Amino acid sequence: MSLGVAPEANAAAACYQGELCLYQHANYTGSVFKIRAGQNIPNFGYKTFTNGQPLNDNVSSVRNLTNLVPLLYEHQNYQGFRIAIGSQTSIPDLTNYKPLHEVINFNDKASSVSW
Ligand SMILES: [Ca+2]
């Protein structure tokens, strides 16, 4: 793919410093939903990716280009299991997220975010 042309449907959407970018598919592909540093969202239920697809239970990879550590939660209102996304850290596939020694499948689960 060359620069300067319209992105393919599954091309990675750019993420910039100061943004937390949630992607619809693994490896930062599919559509994206961007959150600015420090912005709490208690319910993904009414949010959509830029392509109009529902955000809730649909996040598969994450880029955190902020200096903060957001928490992604399994359920709305910051409930259920949660994972921390380190500052300036990217996770290409939430299916195989490894916070410590165990592997956690957090694919298509995120429903709220706090900082
Ligand atoms: Ca969920």
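**Exercise 1. Find what percentage of the chain's contacts between residues at least 6 apart in sequence join residues at least 24 apart, and then describe the chain as a whole.**

Step 1. Two residues are in contact if their C-beta atoms, placed from the backbone, lie within 7 Å. Among contacts in the protein chain between residues at least 6 apart in sequence, those that join residues at least 24 apart come to 55%.

Step 2. The structure is a predicted model, in which local features need pLDDT of at least 70 and side-chain atom pairs count only at pLDDT 80 or more, while totals for chains, interfaces and linings use all residues. Residues are numbered from 1 along each chain as its sequence is written.

Step 3. The secondary structure of the protein chain consists of seven strands and zero helices, where helices (H or I, at least four residues) and strands (E, at least two) are DSSP runs numbered from the N terminus. Along the sequence this gives the pattern β-β-β-β-β-β-β.

Step 4. Of the 115 residues in the protein chain, 28% are buried. A residue is buried if 20 or more other C-beta atoms lie within 10 Å of its own, exposed if 12 or fewer, and partly exposed in between, with C-beta atoms placed from the backbone.

**Exercise 2. Work out the strand order of the open sheet of four strands, and follow the pairings made by strand 1.**

Step 1. The four strands lie in the order 2-1-3-6 and their pairing is antiparallel; two strands pair if DSSP finds at least two bridges between them. Strand 2 and strand 6 (89–91) are the edge strands, since each pairs on one side only. On average, neighbouring strands of this sheet are turned by 15° against each other, direction ignored, with axes being lines fitted to C-alpha atoms (for helices over the stretch in contact) and angles running from 0 to 180 degrees between N-to-C directions.

Step 2. Strand 1 is joined to strand 2 by six bridges, and the two run antiparallel. Y23 has V32 as its bridge partner in strand 2, and H25 stands opposite T29 in strand 2. Three residues lie between the strands in this hairpin of strand 1 and strand 2, where N27 takes a positive phi near 60°.

Step 3. Strand 1 is also joined to strand 3 by four bridges, again with an antiparallel run, and here Y23 stands opposite S61.

Step 4. Strand 1 is largely enclosed by the rest of the structure, because five of its seven residues are buried.

**Exercise 3. Identify which residues of the largest nonpolar core touch the most other members, and look at the surroundings of V62.**

Step 1. A nonpolar core is a set of buried Ala, Val, Leu, Ile, Met, Phe, Trp, Tyr and Cys residues joined through C-beta atoms within 7 Å. The largest one has 20 residues, of which L22, Y23, V59, V62 and A110 touch the most other members. Strand 1 (19–25), strand 2 (29–36) and strand 4 each supply at least two residues of this core, and the largest share, four residues, comes from strand 1.

Step 2. V62 lies in strand 3 (residues 61–64), and V62 counts as buried because it has 25 C-beta neighbours inside 10 Å. Not counting residues up to four places away in sequence, V62 touches L22, Y23, I85, S90, I91 and L94.

Step 3. Leaving aside neighbours within four places in sequence, L22 is in contact with V32, F33, L55, V59, V62 and A110.

**Exercise 4. Determine the strand order of the open sheet of three strands, and place Q76 in relation to strand 4 and strand 5.**

Step 1. The order is 5-4-7, with antiparallel pairing, and the edge strands are strand 5 (79–84) and strand 7 (112–114). Neighbouring strands here are turned by 30° against each other on average, direction ignored.

Step 2. Four bridges join strand 4 (residues 71–75) to strand 5, with L72 opposite I83 and Y73 partnered by R82. On the other pairing, three bridges join strand 4 to strand 7, where the bridge partner of L71 is S114.

Step 3. Strand 4 and strand 5 form a hairpin with three residues between them, and N77 in the turn has a positive phi of about 60°. Q76 is found in the loop between these strands, and Q76 counts as partly exposed because it has 15 C-beta neighbours inside 10 Å.

Step 4. Q76 and S111 are 35 residues apart in sequence, yet 5.0 Å apart in space, C-alpha to C-alpha.
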